[in-house]
Amino acid sequence: MIANIVKPGHKTRGVLNYLYGPGRANEHTDPHLVASFDGFAPDPGRDPDATLAQLAAVLDLRVKQAGHNAPKNHVWHCSIRAAPEDRHLTDDEWATIARRILNAAGIAPAGDPDACRWVAVRHADDHIHIVATKVRGDLRPPRNWNDFLRADKELVAIEKEYGLRQVPRGDCTAAKRPTRAEQEKARRTGNARTAREHLRTVVRTAVSAATNTEEFFWIVEGAGALVDVQYFPSGDVRGYKVAVGNDTNAQGEPVWFSGSTLAPDLSYPKITERLAATASTSAEQTDPPAWRRLARAVDGIPDHLDQEEDAGQAHITVLAEALDALPLIAPDGLRPQLVQAATAFERASRSGIRARHEQAQATRRAVKAILRQPAPKDGALLATVLDALLLAVIAAQHWHRARDHHQQAEAAQRATTHLRVAYQTAAAEPLTALHHRGRHLAPWLLKQQAATVRQALPDLAEQILAEPDWPALAATLNNTTAAGRAPSALLIQAARHRELDTATSLSEVLAWRLNRLREPVVRKPPRNKAEGRVRPGSTTTPRAAPPARPRTR
């Protein structure tokens, strides 16, 4: 059950005309009152002698009495809608719900003889409309501050008491949706997304790629967006605005969006907090390649979410950054699904729990490092990273659900759908190669690897050995042994991860996990350690001088 409180208006009769009329598509049936402030308000829907003018006059009586002291927009209008799968509520039930919502919102507190005048109109099976005039009997305005949140909280209790569907609710951390005007403008101009949505993606991608604020502004401009940086008199950055070059208002000026209007975590202070948590340390000779570092770091996120209560949100935030960054350098065939996964997970990246970004520095450094190195030619390494990301997103879904973050959990679930498709596409070729190697192993090596599985995972061994993907796991175990690692110990470690019980192929999942856990090959860093800037959409990063100070308007 959801409530929608519209912007206050000043025409009581106009609202009543709509409620008692046929609707925009003749969808209104049998409009009538289910309740009113005194139980005696005229009902034009059921009483042939009552008129809309009479009902409007009754509601507006105190507005006229207040005269110039009445608020200009005195009409309070709230619709309450049940879920499609809910049973049809009776008029008496809707009347009770209306009174509870008015009490919670502060429009008509229970037992207050001076409460505002109101009526509840029903013209469909699944919803009602409440119309009130915002002048009390003592000619003062009601105390309806924060009315939506208070009404929504009351609806949570109503859903439980009436056995209705319990609708997932937010925590005021969702990004602002495009307005209807923005959506219509996008349709007229032939754009699939609104300017707000496009800019949100550009800014989020820039945050995932940048290592400092100057580079952040440079990347946003490189993506084709206009940037307007505001400064304090001291010269420090106060904030920023972005716009799409061809998105203008009636005066031909760009339509600007501040970072905080794109999403709560895209304000300038929030961005600087994240970038400040990324220590600029140079790679050591003993460091594994960036892609392997990312796979190992992301592989540890489920454990962090399980074991570190206060660090969970920080790791989920950096997980979103990894998803935002990956489409920049992913192969063309994977990019659409990865973009959709990142877009879906955006809602899961924030919650009411504050992220302590310093607790996820290693993963954030690995994300930025992969953008400054060529994409891996080894398809198995890319599949390993995607497999780790998929498991981390599933873990994030569980983390949110355990804390009743319903919207975030649903967003993470949507992201897994797209991420799984990308993973399956990326894994097809390297998995076929592993199959080929496994089928050509010497018989005594196959027996040796089967014995390893029976020793490490006695309860799952026979299922694994009977799977079509067993040769791929056998080849991976053989590679692990050749690398000087103990395959039995790594197999036990890999099997401890969550979601193994829901895997369609244990052999395939374990093969990729062993690839992540196996000690990486040490490579010498290049002689020139200079890092170039990241250009959105590019797969290479040219060396360049530090970016200049962003332009101001």
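The following exercises, each with a worked solution, concern the sheet, the helices and the nonpolar cores of this structure.

The model is predicted, so local features need pLDDT of at least 70 and side-chain atom pairs count only at pLDDT 80 or more, while totals for chains, interfaces and linings use all residues. Residues are numbered from 1 along each chain as its sequence is written, and side-chain values use heavy atoms, with hydrogens and water left out.

**Exercise 1. State the order of the strands in the sheet and identify the strands at its edges.**

Step 1. Strands are DSSP runs (E, at least two residues), and helices are runs of H or I of at least four residues, numbered from the N terminus. Two strands pair if DSSP finds at least two bridges between them.

Step 2. The open sheet contains five strands, ordered β1-β3-β5-β4-β2, with antiparallel pairing.

Step 3. β1 (2–5) and β2 (32–36) each have a single partner strand, so they stand at the edges, and one side of each lacks a neighbour in the sheet.

Step 4. As an example of pairing, four bridges join β1 to β3 (residues 75–81); in one of them, N4 has S79 in β3 as its bridge partner.

**Exercise 2. Describe the surroundings of V15, and determine whether V15 is buried or exposed.**

Step 1. V15 belongs to helix α1. This helix (residues 12–20) lies across β2, β3, β4 (117–122) and β5 (127–133).

Step 2. Contact means heavy atoms within 4.5 Å. Leaving aside neighbours within four places in sequence, V15 is in contact with V75, H77 and V131.

Step 3. Buried means under 20% relative accessible area, exposed over 50%, and partly exposed in between, with a 1.4 Å probe and protein chains only. The relative accessible area of V15 is 16%, so V15 is buried.

**Exercise 3. Characterise the packing of α16 and α22.**

Step 1. Axes are lines fitted to C-alpha atoms, for helices over the stretch in contact; angles run from 0 to 180 degrees between N-to-C directions.

Step 2. Helix α16 (residues 379–402) packs against helix α22 (residues 506–517) at about 105 degrees, and their axes are 9 Å apart.

Step 3. The two helices are therefore roughly perpendicular, a term for angles of 65 to 115 degrees.

**Exercise 4. Which helix gives the most residues to the largest nonpolar core?**

Step 1. A nonpolar core is a set of buried Ala, Val, Leu, Ile, Met, Phe, Trp, Tyr and Cys residues joined through side-chain atoms within 4.5 Å.

Step 2. The largest such core has 85 residues, and F345 is among those with the most contacts inside it.

Step 3. Helix α16 gives the most to this core, with 15 residues.

Definitions and conventions: Angles under 35 degrees count as roughly parallel, over 145 as roughly antiparallel, 65 to 115 as roughly perpendicular and the rest as oblique.
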